[in-house]
Amino acid sequence: MNYKIAVIPGDGIGPEIVAASVKVLDAVADKFDHTFDYTEVLAGGAAIDACDTPLPQETIDICKNSDAVLLGALGGPKWDNVPGDKRPEAGLLALRKSLGLYANLRPAILYEELMDSCPLKAEIIGDGLDIMVVRELTGGIYFGEKGRDGENAAWDIMKYSRPEVERIARTAFTIAMKRGKKVTNVDKANVLEVSRFWRSIVEEVAKDFPEVTLNHLYVDNAAMQLVINPKQFDVIVTGNLFGDILSDEASMLTGSIGMLPSASMSDGKFGMYEPIHGSAPDIANQNKANPIATIVSVAMMLRYSLDLNDEADAIEAAVKKTLAQGYRTGDIYSEGMTMVNTVEMGQKIIENL
Ligand code: IPM
Ligand code: MG
């Protein structure tokens, strides 16, 4: 089959990890007889430099005309003094919004091979970890009205509408049905009206999924539970800001933020796939970055957007095998392992495909 993929390398380590991932996709194409047509487009800092906007219209159009989007990472200190609405990050938010990508799926899986890199004690982590964070991505405080009264005050409004909560809750329950059938809703309903509203709608949606167990945690408690008893979690559903924070926390339980992929989905099969880590400007252009988060994001892309399950399984198996062989980038290195760079890690994974 022939598939159209929009590719946004982005800033910092973005181009390096995307290049390694595209090579893996090419290897999948060879092995399984597919054709992937890539169109490279600009967003973030690279787009600011080239076209004076973090999100050119052409990028939106090309993404909309593709089967899926692969994104590296956006932003960096170079653009720190750009006004807020023109920052690289604003381009990413506008891209998510204009593509309708409201459901951000962030799996936190601790590979057996990386047990040593997990910062938690063995008795807490047991035989591993498999949590799916379902983060609402196009609403909440990220997109609410914002303002500033000169030097005196500033505000960002956290607002959710009924359809926004319903659809993300439905996504979480649907995913839970294919996993451990447990959803933990995370909010701040002891303080925030928006959270009380959110929680009541999650409870309504839960009635359509009688097989799924639902519980609620306040976000402060959830942050604590993730480190004292992470194995209680199956699917976590939460709003945009809380999901941003908790998914970084969950990612570190898997050894390194350099391991975690993400999918941002709309209603259909279309999605954007990116590692959850940032552009790591401190190690950019040094061939040091861990490409695994992006490579397993590609596996998610094959599975969710292109229905290529065997191909996705093959990538994940190759990553596991490479880790089992002892190859490690610096972020997941431990004594006795073989240190490799970005390009070598990509090559080893391809060899194992
Ligand atoms: C993420 C990032 C983004 C977010 C930033 C770069 C705008 O932290 O994808 O988690 O806050 O959503
Ligand atoms: Mg984040």
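Here are four short exercises on this predicted model, each with a worked solution.

Before you start, residues are numbered from 1 along each chain as its sequence is written, while chains are lettered from A and ligands numbered from 1 in the order in which they are written. Local features need pLDDT of at least 70, side-chain atom pairs count only at pLDDT 80 or more, and totals for chains, interfaces and linings use all residues; side-chain values use heavy atoms, with hydrogens and water left out.

**Exercise 1. Work out which residues surround ligand 1 and which polar contacts it has**.

Step 1: look for residues with a heavy atom within 4 Å of the ligand. You should get Glu89, Arg96, Arg106, Arg135, Tyr142 and Asp244.

Step 2: sort them. Ala, Val, Leu, Ile, Met, Phe, Trp, Tyr, Cys and Pro count as nonpolar, Asp, Glu, Lys and Arg as charged, and the others, Gly among them, as polar. That splits the shell into five charged, one nonpolar and no polar residues.

Step 3: go after the polar contacts (pairs of N or O atoms within 3.5 Å; within protein, one must be able to donate a hydrogen and the other to accept it, and residues adjacent in sequence count only if both atoms are side-chain atoms). Tyr142 has a polar side-chain atom 2.6 Å from an oxygen atom of ligand 1. For the side chain of Arg135, the distance from an N or O atom to a ligand oxygen is 2.8 Å, and for that of Asp244 it is 2.9 Å.

Step 4: check how covered the ligand is. On its own, ligand 1 exposes 320 Å², and the protein buries 77% of that (Shrake-Rupley method, 1.4 Å probe; for residues, only the protein chains shown count as cover).

**Exercise 2. Decide whether Arg96 is buried or exposed, and list what it touches**.

Step 1: place the residue. Arg96 sits in helix H4, residues 88-98 (helices, H or I, at least four residues, and strands, E, at least two, are DSSP runs numbered from the N terminus).

Step 2: apply the cut-offs. Buried means under 20% relative accessible area, exposed over 50%, and partly exposed in between (1.4 Å probe, protein chains only). Arg96 comes in at 5%, so it is buried.

Step 3: list contacts, meaning heavy atoms within 4.5 Å. Leaving out residues up to four places away in sequence, Arg96 touches Leu101, Arg106, Arg135, Leu137, Thr138, Met272 and Glu274.

**Exercise 3. Find the strands that pair with E4**.

Step 1: remember that two strands pair if DSSP finds at least two bridges between them.

Step 2: count. E4 and strand E5 (residues 129-136) run antiparallel and share eight bridges; Asn104, for instance, has Arg135 in E5 as its bridge partner. Strand E11 (residues 261-265) is joined to E4 by three bridges, again antiparallel, with Ala103 opposite Met265.

Step 3: look at the surroundings. E4 (residues 103-110) is largely enclosed by the rest of the structure, because seven of its eight residues are buried.

**Exercise 4. Say what is unusual about phi in Asp52 and Asn285, and where they sit**.

Step 1: recall the usual picture. Most residues other than glycine have a negative phi.

Step 2: compare. Asp52 has a positive phi near 65°, and Asn285 has one of about 60°.

Step 3: place them. Asp52 is in the loop between helix H2 (45-51) and helix H3 (57-64), and Asn285 is in the loop between strand E12 (271-275) and helix H10 (292-304). Asp52 is exposed at 62% relative accessible area, and Asn285 is exposed at 70%.
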